[in-house]
Each structure stands twice: as C-alpha cells, then as structure tokens.
Amino acid sequence: MQYKDIPAESLLQIKTLGQLKAAGYEPQSVRQELRENLIRKLKRKEDVFPGIWGYEETVIPDMQRAILSMHHINLLGLRGQAKTRIARQMIDLLHEYIPVVHGSELNDDPLQPLSRYAKDLVHDHGDDTPVDWLHRSERYTEKLATPDVSVADLIGDADPIKAATLKLPYSDERVIHFGLIPRSHRGIFVINELPDLQARIQVALFNILQEGDIQIRGFKVRLPLDIQFVFTANPEDYTNRGSIVTPLKDRIDSQIITHYPKTIETGKKITRQEARMKQGQGELVQTNDIIGDLIEQVAFEARESEYVDAKSGVSARLTISAYENLLSAAERRALMNGETSTYVRVSDFLNTIPAVTGKVELVYEGEQEGAGHVAQVLMGKAIRTQFLNYFTDPDKAKKSKEGSPYKAITDWFGDGNTLDILSDASDEAYKKGLQKVPGLQKLVEKFCPEAKGDEKYFMMEFALHGLAEHSQLSKNRLSTGLQFKDLLSGMFTMPSFGDEDDEDEDQF
C-alpha cells in the first residue's frame with residue numbers, strides 16, 4: 001500500500017521517524033499538496049468551493065488555474081465578495097494529516113527539519129525521533145492587516161526573556177521568537193486587506209515570496225519556508241488607507257478579480273445560505289420568493305445609484321442583514337398580536353431601513369439627502385422594478401383600448417378615501433384594510449392567479465406600493481406605518497408638526 005492510500009486512523013498510529021520512513025512517506029510542499037488534491041477532486045467531478053455562488057464561470061476557474069500553477073494568490077475585489085471565504089475553503093485541499101517533529105514550533109517535516117530545535121532532535125534520536133500529526137484545520141493562519149502590525153509580528157525578533165532563560169547570547173538563533181509567518185510553515189497564510197499594511201512591512205515580504213526564506217535582523221539564519229500565500233485587497237483606486245507596493249504586487253503570481261452577483265437568483269442563494277434564521281422563526285414567519293427578489297433588488301439599485309459611492313461597493317452583507325431584519329419585523333408583529341403564525345408583508349420590507357443605511361457609502365449628493373432617505377429611495381426603486389415582473393405598466397395601461405386595470409383602485413382613492421397600513425397591525429386588521437379597496441383583489445386574481453391565501457394579500461399590498469412608485473397613488477410615511485391616498489391630494493397635504501401621529505413630511 002502506498003503512503004497516500006493509508007487511512008488517517010493508521011497514520012495516527014505512527015509515532016517515530018523510523019515508522020514514518022517504513023510507511024513510505026516522502027516530503028511534499030504545501031503547493032504540491034494543494035495541486036495534487038485539486039487534481040483528484042476535478043477528476044472525481046467534486047465541488048471544489050461549495051457554497052460559493054455566482055463564481056462558477058469566473059473566479060472559481062481562475063482559482064483552480066492558480067492552484068494548479070502553484071501560485072501565490074491575490075483576491076482583488078470590493079467588500080462582501082466572499083474573498084476570505086474562498087481563502088478559508090482552500091483548507092479542504094490540504095491532506096487531512098501531515099507528520100511534524102514532536103515539539104517543533106515551525107511544523108518541521110521529520111525528513112526535512114527546518115528549525116535548530118528539530119535538526120538537533122533528529123540528529124540526537126535518529127529513527128527514534130518522536131512524530132506528531134497536524135490536522136489540516138491547524139495549518140491555516142489568517143491575519144488582518146492593520147497599521148500597527150510590525151515586522152516582529154509577522155517575521156520574528158530576538159526574545160530577551162528566552163535568551164535569559166536559556167542563558168544564550170543574542171547571537172544564538174535559538175533566542176529568536178518566530179512570528180506568524182514562520183509558524184505557518186507548511187500551511188496557508190492569509191493577509192486580509194493587504195493595502196492597509198504599511199509599505200515598510202510589505203517590503204519584509206519580498207524575500208519570502210520570491211526566495212521562500214526569511215531574514216531576521218542580527219542573525220545569519222536562512223529559513224526556506226514552505227507557505228501558500230493568499231492576499232485579499234480592495235482595488236487601489238478605492239482604498240484611501242494605502243496601496244500595494246509595486247515590487248510586492250509583482251511577486252504575487254496570480255491576481256484574481258472578484259465581483260458581485262450578476263443575477264437576482266444568485267443573490268438570493270447567497271442571502272438564504274448566509275442569513276441566520278433564529279430558533280422558532282421559521283415556524284412563526286412564512287415568506288415567499290417575491291420578498292427575496294425585493295431585497296436583492298435593493299442591492300442592485302444601490303450599485304447603480306447616483307447617491308452611492310460605486311468605488312466602495314455594496315456588500316452582500318446588506319441583503320443578508322436586510323433579510324434577517326425582515327423576518328424579525330414580521331416576528332415582532334406576530335408576537336405583539338399573540339399570533340401563532342404570520343406572513344411577511346411589503347411593509348416589513350420597508351422596515352429594514354436600519355440594515356441598509358449602514359451598508360452603503362454615500363457620495364456628496366447622498367450625504368446631503370441623508371442615509372435614511374437614500375435607503376427609502378433605493379427600496380422604492382426596487383419595488384418599481386419588481387412590480388413590472390408581475391403587473392402591467394400603469395403608464396402603458398392608460399393608453400390601452402381595454403382601459404386601465406387599475407382604474408377602480410385609483411378612482412376609489414380619488415374619491416378621498418385613504419388606507420393606513422400600520423407596522424404592528426394584526427393579520428385580521430391588515431386583511432380587512434386591503435379588502436376595503438375595490439378592484440384590488442380582482443387585479444391580483446387577474447395578474448397573479450397562482451397567489452392564494454396569505455400570498456394573495458401580500459400581492460394586494462405589493463400592487464399598492466407599485467402603483468405609488470409609478471406615481472398613480474400617494475404613499476406617505478406615518479410614525480406607525482404607511483398611508484396610501486390619492487396622488488393629487490397627497491401633493492397638497494401640508495405636513496403637521498403638532499401631532500406625531502399625523503403624516504411625516506417625507507414621502508417615498
């Protein structure tokens with residue numbers, strides 16, 4: 001049996017260097033290891049980066065090519081594009097266990113010892129040198145680049161306490177305290193947000209990437225480290241905190257550009273996968289695909305908005321947080337009304353503004369408008385866009401020979417009627433309010449015949465929001481919810497400053 005075919009349980013029984021040699025072990029670099037296991041997975045048609053959606057034809061093939069080329073990798077992209085997640089999943093391409101010299105802080109290979117400690121131990125004990133086994137999960141190190149990171153943190157420095165304890169002079173290499181990078185020998189080392197690393201610290205990485213060794217001041221020590229480096233960074237024209245120095249960029253073999261989801265469906269997969277459903281929430285709150293489309297549409301609208309800084313990006317965390325907030329809004333309403341189950345509403349979607357305002361960087365015009373107003377605008381545009389996927393365009397319907405299907409609804413509001421949809425209204429009050437609007441139920445039955453039960457009421461509310469966004473109705477924000485009324489009367493309604501229960505002056 002070849003060494004690579006020995007099961008993990010049997011490997012863990014090997015305790016000495018002699019037994020390891022007898023098993024047929026041969027040293028292998030970490031990048032050879034990644035390449036070999038990737039080839040095996042590709043041959044078996046296995047999913048190499050599970051749970052990474054939208055990159056099947058772009059980023060993942062680039063990653064696979066880089067690993068096959070045994071390259072150091074830089075993942076370049078805006079925030080919230082799964083850069084760190086991709087790096088962490090590379091762990092699965094490592095062998096489950098590798099042998100290390102017992103007690104070594106540098107994960108020394110028993111057949112290729114690197115540190116003074118390991119060399120001395122192998123020299124003194126020979127085939128009786130004790131061997132430990134390192135799991136792949138322990139071979140991954142991640143460091144966030146911050147301005148306070150020093151060369152000593154990453155590479156190492158002389159340790160006066162160690163020198164005093166061992167009674168050694170500073171010229172002895174055994175007094176070195178090794179940093180994160182040497183202790184990641186035979187593993188994967190990730191530096192997140194590389195441009196944030198000070199230029200003089202980036203220079204310290206030159207030799208490691210090009211020659212594979214480190215140099216520590218005052219010591220004539222050469223350590224040919226075996227490390228797979230992965231860096232993540234935002235585009236240089238975005239970050240105002242720093243940049244990647246040109247010689248370092250030249251030493252990184254593959255630079256892979258990440259991107260945001262290109263379709264609503266891909267965005268929904270990511271959001272549903274990452275959103276944390278709280279205990280009991282799934283049983284209490286019923287949802288549908290349309291509300292998911294609306295949440296994803298907000299992110300798409302934000303990435304195209306003149307109010308949002310496109311260079312900073314709009315993270316996928318926006319939709320994840322918004323979805324979690326949406327479920328919590330519906331859950332809160334059900335709990336307050338003593339209901340055992342409830343169905344999401346469009347008004348719940350509009351209550352996710354706190355999840356949006358902190359996730360977008362505004363340009364000057366957006367700052368003038370205010371984050372809350374910009375969030376309302378983005379949500380309104382999302383409703384306007386998605387409305388046309390289910391109902392006919394109101395502007396075109398006016399010119400139709402058959403007449404507008406919205407006439408009964410707009411006429412009712414034109415007669416001075418209003419409809420309040422309160423955030424905390426019970427399901428009974430919510431449905432009763434929607435039933436008051438003549439023609440609304442028939443509209444949904446005509447355009448969405450598959451909508452039944454609670455979903456029908458959701459679509460009835462959705463239709464009102466869509467008509468408001470297409471300037472057929474007026475939608476005003478109340479302190480406790482929303483109010484729909486005739487467009488003309490809404491334009492002439494003056495805001496009341498004396499009573500908080502009256503309409504706010506903001507319209508959206």
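This section describes an open sheet, a buried helical residue and the internal cavities of a predicted model.

The sheet is built from five strands that follow one another in the order β4-β7-β10-β1-β11, with parallel pairing, and it is open. Because β4 (140-144) and β11 (254-257) stand at its edges with a single partner strand each, one side of each of these strands has no neighbour in the sheet. Averaged over the sheet, and with direction ignored, neighbouring strands are turned by 20° against each other.

Strand β1, comprising residues 73-76, is joined to β11 by four bridges, and the two strands run parallel. Within this pair, Leu-76 lies opposite Ile-257 of β11, while Leu-75 has Ile-256 as its bridge partner in β11. Two helices pack on the sheet, one of them being α4 (residues 59-68), which touches β1 and β11 and whose direction makes an angle of about 170° with that of β11. The other, helix α3 (residues 30-43), is in contact with β7 (187-192) and β10 (227-233), and its direction lies at about 80° to that of β10. Strand β1 also pairs with β10, again in the parallel sense and over four bridges, and here Asn-74 stands opposite Phe-231 of β10.

The side chains of a regular strand alternate between the two faces of the sheet. In β1, Ile-73 and Leu-75 point one way, whereas Asn-74 and Leu-76 point the other way, and all of these residues are buried. Asn-74, which faces Phe-231 across the pairing with β10, is thus described as buried together with Leu-76, the residue set opposite Ile-257 in β11.

Outside the sheet, Ala-382 belongs to helix α19, which covers residues 371-387. With a relative accessible area of 0%, Ala-382 is buried. When residues up to four places away in sequence are not counted, the contacts of Ala-382 are with Leu-294, Gln-297, Val-298, Glu-301 and Phe-349. Val-360 lies 22 residues from Ala-382 along the chain, and the C-alpha atoms of these two residues are separated by 16 Å.

A search of the whole structure for cavities of 30 Å³ or more returns three. The largest cavity has a volume of about 60 Å³, and its lining consists of Thr-342, Tyr-343, Val-344, Arg-345, Asp-427, Tyr-430, Lys-431, Asp-454, Tyr-457 and Phe-458. At least two residues of this lining are supplied by each of β13 (342-343), α22 (427-435) and α24 (454-469). In terms of residue character, the lining of the largest cavity comprises five nonpolar, one polar and four charged residues.

The second largest cavity, with a volume of about 40 Å³, is lined by Pro-261, Gly-267, Ile-270, Thr-271, Glu-296, Arg-303, Ala-316 and Thr-319. Two elements, α12 (264-274) and α14 (289-304), give two or more residues to this lining, and the largest share, three residues, comes from α12. The residues that line the second largest cavity divide into three nonpolar, three polar and two charged.

Notes: Residues are numbered from 1 along each chain as its sequence is written. This is a predicted model: local features need pLDDT of at least 70, side-chain atom pairs count only at pLDDT 80 or more; totals for chains, interfaces and linings use all residues. Side-chain values use heavy atoms; hydrogens and water are left out. On a 1 Å grid over the protein atoms alone, a cavity is a set of points where a 1.4 Å probe fits but cannot get out, and a pocket is an open set with protein on both sides within 12 Å along at least five of seven lines; lining residues have an atom within 4 Å of a point. Grid points are joined across faces, edges and corners, and a volume is the space filled by probe spheres set on the points. Ala, Val, Leu, Ile, Met, Phe, Trp, Tyr, Cys and Pro count as nonpolar, Asp, Glu, Lys and Arg as charged, and the others, Gly among them, as polar. Two strands pair if DSSP finds at least two bridges between them. Axes are lines fitted to C-alpha atoms, for helices over the stretch in contact, and angles run from 0 to 180 degrees between N-to-C directions. Contact means heavy atoms within 4.5 Å. Buried means under 20% relative accessible area, exposed over 50%, partly exposed in between (1.4 Å probe, protein chains only).
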